[in-house]
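Colleague: Please examine one part of this model closely and describe how its pieces connect. I should like a single continuous account that moves from one element to the next.

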Amino acid sequence: MARQLSGREALRLLPTLRADPLTAISELIRTHGDVVRVPLPRGNQLVLTSRPELVAHVLVSNQDNYRKARTYRPLTEVLGNGLLTNEGESWAHQRRLVQPMFARRRIDAFAPAMVDAASTAMDRWAALGSGSVVDVADEMSALTLDVVGRALFSADLSGEASQMAPALETVLESFVKVVRHPLFLLVPDYHRWPTPARLRARGAEQHLRGVVDGLISSRRAESAGREDTDLLDALLAARDDDGNPLDEQQIRDELMTFLLAGHETTANALAWTLLLLSRHPAARDRLVAEVDDVLSGRPATAADMNKLEWTSAVLSESMRLYPPAWMIEREARDADDLDGIRVPPGSIVATPPYLVHRNPDHWPNPEGFDPHRFLPGAADRHRLAYLPFGGGRRQCIGGGFAMLEAVLLLATITQRFELDLVPGHQPQALTAVTLRPANGIPMTVRPR
Ligand code: HEM
């Protein structure tokens with residue numbers, strides 16, 4: 001079923017679309033079908049779809065007709081020409097250079113650092129004493145920042161985390177404020193206006209750039225002949241076909257991108273997973289049994305990845321229900337057609353994983369938590385019915401890294417602790433850049 005909203009219907013919808021987009025888009029799809037066109041102010045158009053076949057058309061088979069939507073533009077202020085925000089030939093060139101850094105063999109080499117970071121955090125929980133309460137949203141954020149710091153720079157950012165995490169948050173918050181502001185669609189460079197949110201973000205960006213610049217220059221000052229062990233080494237050593245290295249600005253932009261894209265996403269995936277496990281004791285019991293059986297008390301390694309099937313399935317199912325990248329948006333270059341819905345040039349086409357993952361035509365009992373869907377041998381599904389890491393050539397470069405990290409971290413946590421949501425607390429999903437818990441996830445930690 002496809003539907004086009006009238007101008008009046010759209011006008012009524014706009015305030016909810018800004019204030020509570022998740023509810024607004026869920027409602028749109030529920031009432032109008034799985035592809036809907038919404039006229040926006042100033043001749044802008046939003047086309048929203050949750051149908052995997054149409055998502056595949058936009059992100060894969062007709063991807064040449066789509067660029068990243070202008071809603072990503074404010075991120076360019078902080079990420080410059082990094083992979084997430086770059087476009088065209090420059091993006092393709094950069095992606096070719098960076099891709100080998102995320103090869104399986106290289107990612108697996110980060111496994112000890114991931115497990116080490118998790119063990120350090122678990123030692124801290126142990127020192128708190130049984131029955132203590134931690135906010136797993138904050139805890140997972142600090143932990144994944146630690147992991148990304150080790151993988152990118154071999155640096156211990158845990159000391160900096162107290163300042164870096166809030167700085168990253170300020171940047172992301174300002175992005176959301178700008179994109180949801182009524183003027184965003186009306187004024188082309190509204191995202192550059194010196195609004196209070198923008199000024200706060202600028203200060204935070206400067207802080208983050210200072211940290212990144214400091215790490216680059218101290219690495220350059222180290223004696224030559226250092227082994228190529230982390231992503232910063234790899235970026236410094238990268239050469240294009242003509243033997244040219246990356247310029248300084250590009251290295252900075254890529255590092256900022258990895259820091260921003262690789263940290264909160266994985267943190268949220270883990271935080272939602274811990275919440276779901278405390279609500280589904282049978283799934284948790286099976287997780288504990290698998291982790292104990294596979295690891296027999298020793299630290300997890302990359303080689304365990306294939307054996308930790310239930311652990312992976314739990315994480316995949318958690319990212320189905322709470323996809324950290326809940327929204328993916330493109331902008332049409334030329335006119336297109338989505339099942340009879342006209343897509344004029346310049347339209348924003350939204351393919352939100354949050355809705356695709358709940359499409360009842362593709363997911364029986366879509367709201368239910370059932371990791372069996374992701375075990376080997378589970379029923380086939382459309383290849384774009386599940387897209388936590390996106391699709392097509394712009395899909396996440398860090399997907400393999402993120403899955404390895406999430407599985408090893410969850411296994412390490414499970415080995416040592418059982419976590420339960422503090423009774424009475426109702427975590428709410430907040431649609432910032434990522435889908436995150438609005439009011440934290442306080443949980444009681446008990447050593448096993
Ligand atoms: C659970 C964790 C993660 C999730 C759910 C996730 C999700 C995504 C999604 C959906 C996209 C595509 C966006 C679009 O098409 O508009 C993306 C792109 C990207 N992600 Fe991730 N990501 C995760 C972890 C990571 C990590 C760990 C890194 C790096 C260390 C990373 C780096 C990137 C980069 C550089 C891009 C842009 C790729 C390009 O356009 O060439 N992500 N991510």
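**From a strand to the ligand and a cavity**

Modeller: Methionine 443 in strand S13 has leucine 421 standing opposite it. The model is a predicted one. Leucine 421 lies in strand S10 (residues 417-421), which runs antiparallel to S13 and is joined to it by 5 bridges. S13 spans residues 442-447, and it also pairs with strand S5 (residues 132-135), again antiparallel, through 4 bridges. In that second pairing, aspartate 135 has proline 442 of S13 as its bridge partner.

S10 leads on to a cavity. The model holds 5 cavities of 30 Å³ or more, and the second largest contains about 100 Å³ of space. This second largest cavity is lined by 14 residues, with Leu277, Arg284, Thr414, Phe417 and Leu419 closest to its centre. Two of these, Phe417 and Leu419, fall within S10. At least two lining residues come from each of helix H13, helix H14 (281-295), helix H17 and S10. By class, the lining has 9 nonpolar, 2 polar and 3 charged residues.

Two of the helices that line this cavity, H13 and H17, lead to the ligand. Each is among the elements that supply the ligand's shell, as set out below. That shell counts 28 residues, and Tyr72, Trp91, Arg95, Arg330 and Cys396 are the closest of them. Three of these residues place a polar side-chain atom by an oxygen atom of the ligand: the distance is 2.6 Å for tyrosine 72, 2.7 Å for arginine 330 and 2.8 Å for tryptophan 91. Helix H5 (88-98), helix H12 (248-261), helix H13 (264-279) and H17 are the elements giving two or more residues to the shell. H12 makes the largest contribution, with 3 residues. The shell divides into 17 nonpolar, 7 polar and 4 charged residues.

Cys396 deserves separate mention. Its SG atom lies 2.3 Å from the iron atom of the ligand and is the single donor that the protein provides to the iron. Cysteine 396 belongs to the loop between helix H16 (353-356) and helix H17 (399-416). The account thus returns to H17, which follows that loop and contributes both to the shell around the ligand and to the lining of the second largest cavity.

Definitions and conventions
Residues are numbered from 1 along each chain as its sequence is written. This is a predicted model: local features need pLDDT of at least 70, side-chain atom pairs count only at pLDDT 80 or more; totals for chains, interfaces and linings use all residues. Side-chain values use heavy atoms; hydrogens and water are left out. Donors are N, O and S atoms within 2.8 Å of the metal (3.2 Å for Na, K and Ca); water is not among the atoms, so sites may look incomplete. Two strands pair if DSSP finds at least two bridges between them. A residue is near a molecule or strand if one of its heavy atoms lies within 4 Å of it. A polar contact is a pair of N or O atoms within 3.5 Å; within protein, one must be able to donate a hydrogen and the other to accept it, and residues adjacent in sequence count only if both atoms are side-chain atoms. Ala, Val, Leu, Ile, Met, Phe, Trp, Tyr, Cys and Pro count as nonpolar, Asp, Glu, Lys and Arg as charged, and the others, Gly among them, as polar. On a 1 Å grid over the protein atoms alone, a cavity is a set of points where a 1.4 Å probe fits but cannot get out, and a pocket is an open set with protein on both sides within 12 Å along at least five of seven lines; lining residues have an atom within 4 Å of a point. Grid points are joined across faces, edges and corners, and a volume is the space filled by probe spheres set on the points.
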